[in-house]
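This report covers selected strands, helices and loops of one model. Please have the structure open while reading.

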Amino acid sequence: METLELDLDHGLRAFRLSLALEIGAETVALVGPSGAGKSSVLRAIAGLLRPERGFVRLGGQRWLDTARGIDLPPERRRVGLVFQEYALFPHLTVRANVAFGGRARVDELLDRFGIASLAEARPPTLSGGERQRVAVARALARDPAVLLLDEPLSALDAYTRSHVRSELRELLQELELPTLIVTHDFDDAAALADRVGVLVAGRLLQVAAPSELVAAPTDAFVAGFTGANLLRGVASEGPDGLTAVSLDAGFTAYTVDPGVGRVALAVYPWEVAIAREVPDDSAVNHVRAPIASLVPLGNRVRVRIGPVTAEVTARSVERLGLHEGDVVIASFKATGTRLLPV
């Protein structure tokens, strides 16, 4: 399987997009806030944007090389592109939409994606999941060497999103194509991709497996984007080999990570325990505050307590009899935190 290589430098409205990336037979997701430059990367690969400087290569094929004056048009690049909102032709049937990508494999793709029975239907009559399958089938009808997906799940409701996400993950694993997804949702990226790159203002802050981004974020934005509580303050030497962080929130927290000066202390919600009184255990960080909110998420509940959010089981909430306004203790261990520069 050939490797997609890109090295791009291009001025956007508010910043420069400067990015280098290699994608083998895997799925890579670019995540970040709106306007970070994610879609511009897809457009540069597909030939819809000509960067000021850089290259896009697939194996020995040069699709773009500004130094050599090479810029192949989109139709000469073996790219399958799934647009945001899918961009299906509403007046064409499902069969005709897929055939727009290429006619040779239409019947095979209709069968493969379980949409053969919808061949004569038109997009306005389809569900969100069905429209996505048509859009992916159309992209694959080009027999692409690279697959690009722009916010593939953003048009779906929460119920459909979960089901389609699982389907799409299985498909991408089966295809074994260099695949690049852009999304603003870390949960989608973590579920779909082998590696995730966090892109902010045109710069890649970190690229790693989703689990590594959570376990070892190198940047405060990465930690916050992956779901951590970020508590900002000033670090100094503390007792027993710990680092003390005098937090802007008005209390002192302790971490095993070394540091000094202005920092952000990251702690993930599942590292935070809730009790009615200060627990007699190894946790050294305690926040006493009223519960601001309780948000059920399946069999888990997210509980906001002062400056931190905890994620606990629904059974724990029931056992403790938690209600909004109750004053409780949120506790977390020094070993459950990460100290990051700001």
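Strand E9 (residues 179-183) has 5 of its 5 residues buried, so E9 is largely enclosed by the rest of the structure. Buried means under 20% relative accessible area, exposed over 50%, and partly exposed in between (1.4 Å probe, protein chains only). Helices (H or I, at least four residues) and strands (E, at least two) are DSSP runs, numbered from the N terminus.

The model is predicted: local features need pLDDT of at least 70, side-chain atom pairs count only at pLDDT 80 or more, and totals for chains, interfaces and linings use all residues. Residues are numbered from 1 along each chain as its sequence is written, and side-chain values use heavy atoms, with hydrogens and water left out.

**E9 and its partners**

Both faces of E9 are covered. Thr-179, Ile-181 and Thr-183 are buried on one side, Leu-180 and Val-182 on the other. Two strands pair if DSSP finds at least two bridges between them. Strand E3 (residues 27-31) runs parallel to E9 and is joined to it by 5 bridges. Val-31 has Thr-183 of E9 as its bridge partner. E8 also pairs with E9 in the parallel sense, over 4 bridges. Here Leu-147 stands opposite Thr-179.

**Helices**

Helix H1 (residues 38-46) is largely enclosed by the rest of the structure, because 7 of its 9 residues are buried. Among them are Lys-38, Val-41, Leu-42 and Ile-45. Just after H1, Gly-47 takes a positive phi of about 90°.

How do H2 and H4 cross, and at roughly what angle? The axes of helix H2 (residues 94-101) and helix H4 (residues 128-140) come within 6 Å and cross at roughly 30°. That makes H2 roughly parallel to H4, since angles under 35 degrees count as roughly parallel, over 145 as roughly antiparallel, 65 to 115 as roughly perpendicular and the rest as oblique. Axes are lines fitted to C-alpha atoms, for helices over the stretch in contact, and angles run from 0 to 180 degrees between N-to-C directions. H2 contributes Val-94, Asn-97, Val-98, Phe-100 and Gly-101 to the contact, and H4 contributes Val-134, Ala-137 and Arg-138. Contact means heavy atoms within 4.5 Å.

**Antiparallel strands**

An open sheet has 5 strands in the order E16-E20-E17-E18-E19, with antiparallel pairing. Strand E16 (273-275) and strand E19 (308-313) stand at the edges, each with a single partner strand, so one side of each is left without a neighbour in the sheet. The twist averages 45° from one strand to the next. Strand E17 (residues 285-297) and strand E20 (residues 327-332) are joined by 6 bridges. Arg-288 stands opposite Ile-329 in E20.

Strand E13 (residues 243-247) and E14 run antiparallel, joined by 4 bridges. Thr-243 stands opposite Thr-255 in E14. Side chains alternate along strand E14 (residues 252-255). Ala-253 and Thr-255 point to one face and are buried; Thr-252 and Tyr-254 point to the other and are not. The hairpin of E13 and E14 has 4 residues between the strands, and Gly-250 takes a positive phi near 105° there.

**Positive phi outside glycine**

Most residues other than glycine have a negative phi. Asp-143 has a positive phi although it is not a glycine, and so has Asp-240.

| Residue | Phi | Loop | Relative accessible area |
|---|---|---|---|
| Asp-143 | about 55° | between H4 and strand E8 (146-150) | 44%, partly exposed |
| Asp-240 | about 55° | between strand E12 (229-237) and E13 | 78%, exposed |
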